[in-house]
Amino acid sequence: MSVPIPASATFEPSVSLSVIIPAWNEEAVIALAIDEALRALSSLGVDFELIVVNDGSTDRTAEIVQAACDQHPRVRLVQHEENRGYGAALRSGFEASLSQLVAFTDADCQFDLTDLGQMLPLAERYEIVSGYRIDRKDSPLRCFYSWGYNTLIRGLLSSPLRDVDCALKVFRREALLRILPESQAFFANTEMFTEARLQGLSINEVGVTHRPRAAGSSSVSIREIPRTLSALLPYWWQRLQFPGRPTTQGTPSAAALLLLMLVAGFLLFRGLAYPLIEPDEGRYAEIGREMWRSGDWVIPSLHHEAYLDKPPLFYWLCATSFSLFGPTDWAARLVPAMSAWLTVVVAYLCGCRLLGRTSAFLGSMALALSFGFVTCGRFLVLDSLLALLVTSSLLTAYMAVSQQRLQWGWWLTSAICCGLGVLTKGPVACVLLAPPIIAHCWLNRSSSAPQLSQWAAYAIVTTLTALPWFIAAISRMPEFAKYFFWDHNVARFLSGSNHPEPFWFYLPAVFLACMPWGLLLLPLAKFLSSSSPRLRLHRSPALGFLALWSAWCLLFFSASTGKLPTYILPCVPAIMLLIGHYVHANCSPFAGSVFARVKAHAIFHRGIVYFSSVGVLFAGGLYLFGLDERVATLLHGSLWTALLFAALVLQKRVAPRVVYGVFCTAAFMATVKVTHDVLPAYANQSSALGASSSSVANLEEWNSDLLVACIVGNWGSVPFYLDRDDVTVFSEEAEGNVRSFIEQQGSTLLVIDDDLPADQRQMLVPRGAEVRELSTTSKATVLAVRVRQPPEPPIQLISADADDTPSLIVR
């Protein structure tokens with residue numbers, strides 16, 4: 001802000017003034033700058049010194065300044081042997097100054113130093129007085145750059161100045177020594193004033209005169225923009241966003257680990273035997289079954305045709321599970337369930353190193369009690385396995401670069417996990433890993449940032465892990481390389497040929513996936529962006545890494561035009577660890593601080609109210625959609641109503657830790673309900689064979705030679721449950737082929753897509769055939785069809801009489 005000074009005001013100097021002028025290759029104007037400065041300072045009637053810092057000039061700048069020093073004893077020269085930058089020149093001048101007030105300006109004569117007359121009186125009341133250019137005389141392009149930069153730093157750094165780079169400023173010496181710039185470039189001004197704001201120094205801004213450059217050319221060019229940004233962003237990240245000290249590595253607690261394993265194990269492994277949900281679960285289970293039955297572990301197949309959309313690691317694990325436990329739905333689901341369970345364990349063990357034992361436990365428990373994560377762990381898709389491998393590769397990579405020197409053991413472990421991720425879902429595993437690690441090292445100026453040779457070693461280990469299968473697959477099917485890498489990954493990412501959704505699709509998806517902890521996402525965002533000194537000290541570089549990890553994952557998948565909710569599962573462990581640290585640092589119910597306990601009580605009490613209110617509506621919704629019985633609906637609705645009533649009545653009458661315990665218990669029970677009751681009920685409605693899946697193969701009136709056909713739907717669960725390799729799949733246009741198939745076989749089991757119109761269904765079955773409906777779901781109808789054999793035609797015998805005249809004898 002500007003404080004007007006009356007024209008009659010006079011300044012009675014009680015202190016001396018040092019004026020700093022940094023100069024680099026300014027021979028055309030430096031003599032004029034010194035002369036103007038001497039005349040202006042002499043007119044102020046103050047004791048002053050003029051310090052010119054020659055920043056390694058290659059022209060006659062130093063010679064001209066030295067001549068001025070010889071002529072005027074108040075002029076001093078500070079020499080840099082080589083060019084070190086604007087910020088370094090300012091710092092050298094500041095450190096060489098001797099006066100109680102220190103000012104600086106540029107050597108281009110664009111500022112009238114008589115304006116110091118209105119700034120020095122303000123220096124008695126403010127620790128810093130900064131000028132701003134009233135009528136700027138630079139080119140329109142330079143003015144545009146300056147406007148953009150000032151707007152940027154006001155947004156990022158909350159700068160109080162309208163013109164941070166105005167080169168006419170006055171400091172009290174004791175304040176200046178507290179904010180000396182570390183930056184050697186033009187970012188020095190921004191750094192100094194941000195530090196002044198953070199330290200609470202008093203700042204005043206006053207309008208000053210600006211003139212065209214007297215002579216020579218400016219050393220500021222468009223090339224300085226990336227240099228300044230490369231200084232601005234790391235400074236903002238380290239000093240404002242995540243300035244906290246690294247957390248002391250905590251030793252994992254055996255009791256906490258055991259509790260996490262038990263809770264996650266109960267939620268993930270109990271009751272996995274329910275029908276496969278089409279199309280995803282049926283497809284992946286059948287691919288694993290065909291791999292196990294055929295013994296071909298190189299080329300995955302579906303209905304005995306090559307299925308090259310995904311690499312084989314997930315199918316290998318499913319086939320291995322079938323070899324141990326048989327081809328059952330629960331044996332297939334052991335693979336994602338085990339992956340999710342191990343993700344919880346890895347998140348806790350590595351989280352102890354990143355955030356400390358308490359934050360890691362709270363975050364890992366939130367992960368184990370989140371609806372989306374547990375549901376995906378009980379759903380036969382690849383994303384839980386990918387989430388485990390991406391989580392492991394990112395956490396171990398962070399531990400490799402978090403020390404003074406790169407830790408090779410963790411680095412190569414991360415490379416192996418990344419290679420396994422490539423074997424699970426392709427190059428997306430590398431895409432999710434590299435940017436967060438590179439950004440973290442750059443923003444924190446890490447001394448252990450991997451160099452090119454170390455990244456090469458990482459790439460070699462990752463390649464050696466995944467490459468053998470790719471070579472084997474390409475040698476058998478040369479067309480695989482183009483189809484997988486270009487058509488299925490790059491082209492599909494860009495075109496959105498499958499599941500097109502808007503850019504914002506994952507914002508509500510993340511909120512729902514994290515429930516009930518999604519209620520803390522908004523407070524978490526406020527915690528991560530708060531300028532409060534107390535909260536900033538709780539934000540360590542490890543927390544910044546987790547923020548980079550989750551933000552990059554969301555941004556990458558949001559940029560793709562094709563989206564599915566399960567794609568963002570790899571970012572959920574990072575978000576949950578962030579939530580765990582937020583609870584521990586800001587609103588822990590177990591904290592010694594009364595403020596933290598009161599805040600914990602308010603947050604989790606509000607969460608219980610919201611949670612129970614939604615629970616009442618959810619119970620009613622399950623009944624309306626036929627996913628729950630009336631008695632169960634009344635029971636669950638009553639429990640949620642009772643919890644809501646208790647929360648509203650008791651409010652502050654119970655301890656914060658009790659409120660937190662009730663919230664976690666409610667989360668546990670709700671997760672059990674969603675994953676153990678609702679998901680199986682939905683599976684009964686959405687599978688191809690329905691709840692009768694296990695009994696279809698045992699119908700006594702249909703012998704084991706009965707052939708099976710899928711009409712329109714490419715249902716993988718049909719051959720999986722029947723454990724048959726001769727299931728035929730017909731497209732919608734193949735009506736005549738279906739009828740001929742039924743007539744030839746005599747008896748057939750048909751699995752018909754429920755979307756097929758009724759008139760087309762009737763045309764599939766031969767006239768007069770016996771039809772029996774075995775099951776029907778929202779996905780498909782299962783029909784047993786038997787064609788009645790026509791009556792045996794009369795036998796005609798032809799004999800010849802003696803006169804060779806044929807005669808017909810009908811028997």
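Me: At what angle do helix α9 and α12 pack, and how does that describe their relative direction?
Reply: Happy to start there, keeping in mind that this is a predicted model. The axes of α9 (residues 254-269) and α12 lie 10 Å apart, at an angle of about 160°. Angles over 145 degrees count as roughly antiparallel, so α9 and α12 are roughly antiparallel at about 160°.

Me: How do the residues in the contact of α9 with α12 divide into nonpolar, polar and charged?
Reply: On the α9 side the contact includes Ala-256, Leu-260, Gly-265 and Phe-269, while α12 brings in residues including Leu-334, Trp-341, Val-345 and Tyr-348. The crossing of α9 past α12 is right-handed. Sorted by type, the contact holds 16 nonpolar residues, one polar and no charged.

Me: Which helix gives the largest share of the largest nonpolar core?
Reply: That core has 237 residues, and Leu-17, Phe-94, Leu-116, Trp-517 and Val-718 are those with the most contacts inside it. The largest share is 15 residues, and the helix they come from spans residues 329-355. That helix is α12.

Me: How many residues does the other core, apart from that one, have?
Reply: Good follow-up! Leu-707, Ile-742, Leu-764 and Leu-783 are among the members of this other core, which lies apart from the largest one. Its count is 16 residues.

Me: Which residues does Leu-116 touch, leaving out those up to four places away in sequence?
Reply: Leu-116 is one of the residues with the most contacts inside the largest core. Among its partners is Leu-17, which is also listed with the most contacts there. The full set is Leu-17, Val-19, Leu-41, Leu-44, Ala-103, Pro-121, Leu-168 and Val-170.

Me: Is Leu-180, in the loop between α6 and α7, buried or exposed?
Reply: Leu-180 sits in the loop between α6 (173-176) and α7. Beyond its sequence neighbours within four places, Leu-180 is in contact with Arg-91, Phe-94, Glu-95 and Glu-191. Its relative accessible area is 14%, and the cut-off is under 20%, so Leu-180 is buried.

Me: How many of the residues of helix α7 are buried?
Reply: Helix α7 covers residues 188-198 and is mostly covered. Among the buried ones are Asn-189, Glu-191, Phe-193 and Glu-195; just after the helix, Gly-200 takes a positive phi of about 75°. The buried count for α7 is nine of eleven.

Me: How far apart in space are Leu-180 and Glu-195, C-alpha to C-alpha?
Reply: Glu-195 is one of the buried residues of α7, while Leu-180 lies in the loop between α6 and α7. In sequence the two are 15 residues apart. In space, their C-alpha atoms are separated by 9.0 Å.

Me: At roughly what angle do helix α16 and helix α18 cross?
Reply: Here α16 (residues 408-425) passes α18 (residues 452-476) in a right-handed crossing. Their contact residues include Trp-411, Ala-415 and Gly-419 of α16, with Trp-455, Val-461 and Phe-470 among those of α18. These contact residues divide into 16 nonpolar, five polar and no charged. The axes come within 8 Å and cross at roughly 35°.

Me: Which residues does Thr-396 touch, apart from those up to four places away in sequence?
Reply: Thr-396 lies in helix α15 (residues 383-401). At 5% relative accessibility, Thr-396 counts as buried. One of its partners, Ser-414, also takes part in the contact of α16 with α18. The residues touched are Trp-410, Thr-413 and Ser-414.

How values were computed
Residues numbered from 1 in each chain as written. Predicted model: local features only at pLDDT ≥ 70, side-chain atom pairs only at ≥ 80, totals over all residues. Heavy atoms only, no water. Core = buried A, V, L, I, M, F, W, Y, C linked by side-chain atoms within 4.5 Å. Buried < 20%, exposed > 50% of the residue type's maximum accessible area, 1.4 Å probe, protein only. Helix = DSSP H or I, 4+ residues; strand = E, 2+ residues; numbered from the N terminus. Contact = heavy atoms within 4.5 Å. Axes fitted to C-alpha atoms, helices over the stretch in contact; angles between N-to-C directions. Parallel < 35°, antiparallel > 145°, perpendicular 65-115°, else oblique. Left-handed = near helix turned anticlockwise from the far one by under 90°. Nonpolar A, V, L, I, M, F, W, Y, C, P; charged D, E, K, R; others polar.
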